[in-house]
Amino acid sequence: MNSNNSNNGNNSSFDSLSQDLGLYFLELARIGSSKAPVEMDEDEEVVPNELNTINSSAGFLVVAPDKLSVKYTAVSLHGHDVGVVQANYPVPVKRLVYYFEIYVKDAGAKGQIAIGFTCEGFKMRRQPGWEVNSCGYHGDDGLLYRGQGKGEAFGPTYTTGDTVGGGINFASQEFFFTKNGAIVGTAIKEKEMNRCLFPTIAVHSQNEEVCVNFGQKKFAFDLKEYEAQERLKQQMTIEKIPLPPNISYGLVRAYLLHYGYEETLNSFDLASKSTIPPICIAQENGFDDQDIMYALNQRKTVRQLIRNGEIDAAMNKLRDWYPQIIQDDKSAACFLLHCQKFVELIRVGALEEAVKHGRIELAKFLGLPEENLFDALVMDCVALLAYECPQESCFGYLLKESRRDVVADTINAMILSTNPNMKDVQGCLQSYLEKLLRQLTACCLERRLANGGQGEAFQLHRLLN
């Protein structure tokens, strides 16, 4: 009696764990689904593209019809006769750098031209930098003004024929300005200026005329090279952090173990044998090799079958080795396997067999309490039947190799969860290397939050590219 109760308890525990793991991977599988939540890309922000003709000191300047050039037409009598105009949108902040340029077509009577950044509600008859929450580089004296009437030594003056640029480096939280393609200097951006800032230009004496470039044309300044150098600085800072080779070796090895890449693991061990000092991962980092060594050969075999599209063969192996994983034929694991088999039949053009499989296996998942988790993928799978070239349809994401990996990762996690010595369900989901990357992402987001939400998010794919 006690033994039966113990088995029932173990089965109940596995069912609960299996459901949690299944739902996690089901959410991953829904990425790309026509009914998946649509999220805006981190870098997708509205960018300035012209001058704001509504909010400007219109009595002292004329903006051209294209809204990309401005001329001072009045006669300046005092310091409040400045012609100021902001861009139509504030600076986008979820990026490494923002930058724009002006070309001085005519320096006019005094060359009192300025380029900079001002906050929303800025007094539109004052030079950028003369009021709080603004910064400006001025052409007549080469001074930098930051929130007060007194300027500070900064760079050369600029006049007719010069191209001057202004930018914000969100990684270093600095303003920077350029002249004719070369950086003039930088200035720390105060935390008080984390509110939305607008690219701003000002003209202050008769006949001064400038044209603005928000990126519609090639910049005089090599912005891409500047960004590359800034990223290189970040990378070099990271590379200065001392990391024993055996630690990184342990992380890579644990990754190969976690996902069952047995042959690669053996080659990796062989190649590292003479170059990497021995390491006991458990002692160094609290890793338990035995947990991820569990069922290595079986996990490798099932992964290879799934990645080859041999779903029936993979399910037969599971029935022999780990029947508890597929005993519930309405579980998320079974669902993903059946979806993948349907997709594989579509891939080889076996449409009649795919329809038959869909009616028998996929139909049973419609109308379940968790139907919102299953329905979208079922509908997307079935929709593949309507296309002569399904790979080119909006549902073609199902035919990508990465979809096989999602299913393989699901089953890999399920097998790991059958380990009676498993201590933490999170150990089934990701490898230690992936957990480290998640922590790095979280730290980068915290850093951006500390900068008022400014700066680009950490994206591994962009870093690798």
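This report describes strands, helices and selected residues of a predicted model.

## The seven-stranded sheet

Seven strands make up an open sheet whose order is 2-3-14-5-10-11-12, with antiparallel pairing. Its edges are strand 2 (61-63) and strand 12 (182-188), each of which pairs on one side only. Averaged over the sheet and with direction ignored, neighbouring strands are turned by 20 degrees against each other.

At one edge, strand 2 pairs with strand 3 (residues 69-72) in the antiparallel sense over 3 bridges, and within this pairing V63 stands opposite V70 of strand 3. At the other edge, strand 11 and strand 12 are joined in the antiparallel sense over 6 bridges, with T178 having I183 in strand 12 as its bridge partner. Strand 11 and strand 12 form a hairpin that leaves 2 residues between them, and N180 in that turn has a positive phi of about 50 degrees.

Helix 2 (residues 223-239) lies across four strands of the model, namely strand 5 (97-106), strand 10 (163-169), strand 11 (174-179) and strand 12, and its direction makes an angle of about 150 degrees with strand 5.

## Strand 4 and its partners

How many residues of strand 4 (residues 83-87) are buried? The count is 5 of the 5, so strand 4 is largely enclosed by the rest of the structure.

Strand 4 pairs with strand 1 (residues 51-56) in the antiparallel sense over 2 bridges, and it is also joined by 4 bridges to strand 13 (residues 197-203), again running antiparallel. V85 takes part in both pairings, since the bridge partner of S56 in strand 4 is V85, while V85 also stands opposite I201 in strand 13.

## Loop residues with positive phi

Most residues other than glycine have a negative phi. Against that background, two loop residues may be set beside the hairpin residue described above. K67, although not a glycine, has a positive phi of about 60 degrees; K67 lies in the loop between strand 2 and strand 3, and because its relative accessibility is 28%, K67 counts as partly exposed.

N207 is likewise not a glycine and has a positive phi of about 75 degrees. N207 is found in the loop that lies between strand 13 and strand 14 (209-213), and at 38% relative accessibility N207 is therefore classed as partly exposed.

## Packing of helix 8 and helix 10

Two packed helices are described by the angle between their axes and the distance between the axes. For helix 8 (residues 311-321) and helix 10 (residues 332-347), the axes come within 9 Å and cross at roughly 155 degrees. Because angles over 145 degrees count as roughly antiparallel, helix 8 and helix 10 are therefore roughly antiparallel to each other.

On the side of helix 8 the contact is made by I311, D312, M315 and L318, and on the side of helix 10 by L337, H338, Q340, K341 and E344. Sorted by class, this contact between helix 8 and helix 10 comprises 4 nonpolar, 2 polar and 3 charged residues.

## The surroundings of T301

T301 lies in helix 7 (residues 296-307). Is T301 buried or exposed? With a relative accessibility of 19%, T301 counts as buried, because the class requires a value under 20%.

A polar atom of the T301 side chain lies 3.0 Å from the backbone oxygen of N297. Once neighbours within four places in sequence are left aside, T301 is in contact with K317 and W321.

Technical notes. Residues are numbered from 1 along each chain as its sequence is written. This is a predicted model: local features need pLDDT of at least 70, side-chain atom pairs count only at pLDDT 80 or more; totals for chains, interfaces and linings use all residues. Side-chain values use heavy atoms; hydrogens and water are left out. Axes are lines fitted to C-alpha atoms, for helices over the stretch in contact, and angles run from 0 to 180 degrees between N-to-C directions. Angles under 35 degrees count as roughly parallel, over 145 as roughly antiparallel, 65 to 115 as roughly perpendicular and the rest as oblique. Contact means heavy atoms within 4.5 Å. Ala, Val, Leu, Ile, Met, Phe, Trp, Tyr, Cys and Pro count as nonpolar, Asp, Glu, Lys and Arg as charged, and the others, Gly among them, as polar. Buried means under 20% relative accessible area, exposed over 50%, partly exposed in between (1.4 Å probe, protein chains only). A polar contact is a pair of N or O atoms within 3.5 Å; within protein, one must be able to donate a hydrogen and the other to accept it, and residues adjacent in sequence count only if both atoms are side-chain atoms. Two strands pair if DSSP finds at least two bridges between them.
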